Amino acid sequence: MKVKMILPALTEAESPLWRPIKYSLFPPLGLATLAAFLSPDDEIDLQDQHVEQLRLDDEPDLVMIQVYITNAFRAYRIADHYRRKGCYVILGGLHVTSLPEEAMAHADSIFIGPGEDTLPRFLTDFRKGAPQRVYTSDNRTLAGIPPIRRDLIKRHLYLVPNSIVVTRGCPHHCNFCYKDAFFGGGKTFYTQLVDEALAEIDRLPGRHLYFLDDHLLGNTKFAAALFEGMRGMNRVFQGASTVDAILRGNLIEKAADAGLRSLFVGFETFSPQNLKQSNKKQNLEKDYTRAVNRLHSLGIMINGSFVFGLDDDDRDVFKRTVDWGVNHGITTATYHILTPYPGTALYRSMDAEGRILTHDWDRYDTRQVVYQTKILRAEELEAGYWWAYENFYSWKNIAKSSLHHDTVKHIAKHFLYTGGWKKFEPLWNFIIKTGGLNTMLPLLESILSKVKSRENGSIVPPVPENTLAGLVDS
Ligand code: B12
Ligand code: SF4
């Protein structure tokens, strides 16, 4: 059987003239995971529009398309194109799960939730000639899933070909997050078997790994065993966590020992009001500064995530947030404008209040205001968002933030990483166009090599386990 798998890009990434480096970072891991359920005899063509021109002149037996909110309209156009040719088209992913009826109009079958349990069911039905219209995931396990078909990934087109996920979902329930909508009807947080996760890591060439898990430290027992198993593997890796998990116990030291060098941390907001509005209770009354110091003392760089536009935000929020990041030596900052994704609790409450202003999903890219704001006007919010990026990544602030660290190596690392990331977009564009992106990996690996603070270890003692118990409610 001929199978075509497609990850459509959002509009911005398609321009032949300009490819932001962000879209050439990670390969289509979800589709490569699903490809493992196909037969070795199937002829699979996996295309990622973020990094290649789509070929649409073929006539496969089965077309599988991954739909995010910001690629939904394009995904539907591609689906319609193949259905007109008589190909069988199936749609799955986050946006299909949020809005199944919308997706149904463009597909022969749709998939609700993760695909590890539903795709095998569909394939059996499809081969028998009796596929159903809707497949809904209800059996959430990663035990025994076949190895990801990484052979289908064009590694040379990505800066970070070694992306990996060893858990699914998250133990928390922030009301703006995609995850409760996506994992509804079953477990919302589950992990691989440790041995299987370690085997997957072992299969990856080179040193660098990027864990795309929503919360790599979310299950303490699993993460501790994983990091234990990774010691001595000589890996350097990046991942994501919450503030409370960084402060709790000694898991973060274990992660650092295993090779963790940079962490995406969801600070999101400094306002308790906003945290309550977002049901981000795991951040309430948590000492962000302490978390930052703890990471820095372990030589872990921080990518801070911040959201603008929650109802308690005023005109000063942009400056406050940027200043805090610079004064705390945050390496990179990711700012978002609050975006109520359909299917989330945030969307439901805003919809009930009549605050949703548009259903143009292309605009739900976390850079545009799509809802009725409260204190800030929409124009102020968008202007403040761009101002924050520009200021955080000004040379002056990159230098100031780098100088926060106490060793020359850490200062240099910070300066190179942040400057290289944000200040050389034309150079990245050139490297992408000339096909040499993957050759930059050794540079990334050396920037991520180990640094320790002068105190040679953690200077920030952990918060006792039981003071935070109960907040993680998996
Ligand atoms: C890596 C990543 C990216 C990467 C690469 C994406 C890629 N190559 O897949 C980059 C940097 C390009 C990216 C960009 C963006 N991203 Co992004 N990204 C992620 C991240 C962190 C991990 C994705 C991943 O690999 N998951 C692991 C794999 C195994 O799961 P999966 O891809 O979902 O696939 C499973 C199922 O969805 C399902 N499935 C998927 N497709 C199909 C198809 C069929 C036919 C079937 C049967 C099943 C199926 O089966 C798979 C196995 O279970 C997620 C967060 C997350 N945890 O998902 C955010 C996330 C997907 N991104 C998000 C957003 C908003 C964006 C951007 C708009 C950000 C921006 N401002 O630019 C852009 C838009 C991209 C686009 N194409 O439209 C949101 C999406 C919200 C939504 N409702 O759609 C998420 C959820 C982040 C968040 N917390 O809000 N992203
Ligand atoms: S902690 Fe992060 S991944 Fe988990 S629910 Fe909140 S926003 Fe989503």
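The legends below describe close-up views of a predicted model.

**View 1. The whole protein has 20 helices and 14 strands.** The radius of gyration is 22 Å, close to the 23 Å that the globule rule gives for 474 residues, so the protein is as compact as a globular protein of that length. Along the principal axes, its C-alpha atoms fill a box of roughly 65 × 55 × 50 Å. Buried residues make up 46% of the 474. Of the contacts between residues at least 6 apart in sequence, 77% join residues at least 24 apart.

**View 2. The protein is divided into domain 1 (2-136) and domain 2 (159-468).** The centres of the two domains, taken over C-alpha atoms, are separated by 28 Å. Where they meet, 22 residues of domain 1 are in contact with 25 residues of domain 2. On the side of domain 1 that touches domain 2, helix H2 (72-84) and helix H3 (94-98) each supply at least two residues. Helix H3 gives the largest share of that side, three residues. By class, the residues on this side of domain 1 are 14 nonpolar, seven polar and one charged.

**View 3. Ligand 1 has 39 residues around it.** Those that come nearest are Gly30, Gln66, Gly92, Pro114 and Gly115. The shell takes at least three residues from each of domain 1 (2-136) and domain 2 (159-468). At least two residues of the shell come from each of helix H1 (29-35), strand S3 (62-66), strand S4 (88-92) and helix H3. The largest share, four residues, is supplied by helix H1. Helix H3 thus appears in two views: it supplies at least two residues of the shell around ligand 1, and three residues of the side of domain 1 that touches domain 2. The shell around ligand 1 divides into 23 nonpolar, eleven polar and five charged residues.

**View 4. Ligand 2 has a shell that includes cysteine and histidine residues.** The cysteines around ligand 2 are Cys170, Cys174 and Cys177, and the histidines are His172, His173 and His215. Lys179, Asp214, Thr242 and Gly266 complete the list of residues around this ligand. By class, the shell has three nonpolar, five polar and two charged residues.

**View 5. Six strands form an open sheet with parallel pairing.** The order of the strands is S7-S10-S11-S12-S13-S14. Strand S7 (163-164) and strand S14 (332-337) are the edge strands, and each pairs on one side only. Strand S10 (residues 208-211) runs parallel to strand S11 and is joined to it by three bridges. In this pairing, His208 stands opposite Val236 of S11. Strand S11 (residues 236-241) also pairs with strand S12 (residues 260-268), in the parallel sense and over five bridges. Here Gln238 stands opposite Ser262 in S12.

**View 6. Strand S11 is mostly covered, with six of its six residues buried.** In a regular strand the side chains alternate between the two faces of the sheet. One side of S11 holds Val236, Gln238 and Ala240, and the other holds Phe237, Gly239 and Ser241. Both faces of the strand are covered.

**View 7. Helix H10 (residues 251-258) is mostly covered, with six of its eight residues buried.** The buried residues are Leu251, Ile252, Lys254, Ala255, Ala256 and Ala258. Lys254 is thus among the buried residues of this helix. The elements that cover them include helix H8 (220-230), helix H9 (243-247), strand S12 and helix H12 (288-297). Strand S12 is also a member of the six-stranded sheet. After helix H10 comes Gly259, which has a positive phi, near 125 degrees.

**View 8. Gly354 lies in the loop between helix H14 (345-352) and helix H15 (378-392).** Gly354 has 8 other C-beta atoms within 10 Å, and is therefore exposed. Between the C-alpha atoms of Gly354 and Asn162 there are 43 Å. These two residues are 192 residues apart along the chain.

Methods. Residues are numbered from 1 along each chain as its sequence is written. Chains are lettered from A and ligands numbered from 1 in the order in which they are written. This is a predicted model: local features need pLDDT of at least 70, side-chain atom pairs count only at pLDDT 80 or more; totals for chains, interfaces and linings use all residues. The radius of gyration is taken over C-alpha atoms; the globule rule is 2.2 Å times the number of residues to the power 0.38. A residue is buried if 20 or more other C-beta atoms lie within 10 Å of its own, exposed if 12 or fewer, and partly exposed in between; C-beta atoms are placed from the backbone. Two residues are in contact if their C-beta atoms, placed from the backbone, lie within 7 Å. A residue is near a molecule or strand if its C-beta atom, placed from the backbone, lies within 6 Å of it. Ala, Val, Leu, Ile, Met, Phe, Trp, Tyr, Cys and Pro count as nonpolar, Asp, Glu, Lys and Arg as charged, and the others, Gly among them, as polar. Domain bounds come from an automatic or database domain assignment. Two strands pair if DSSP finds at least two bridges between them.
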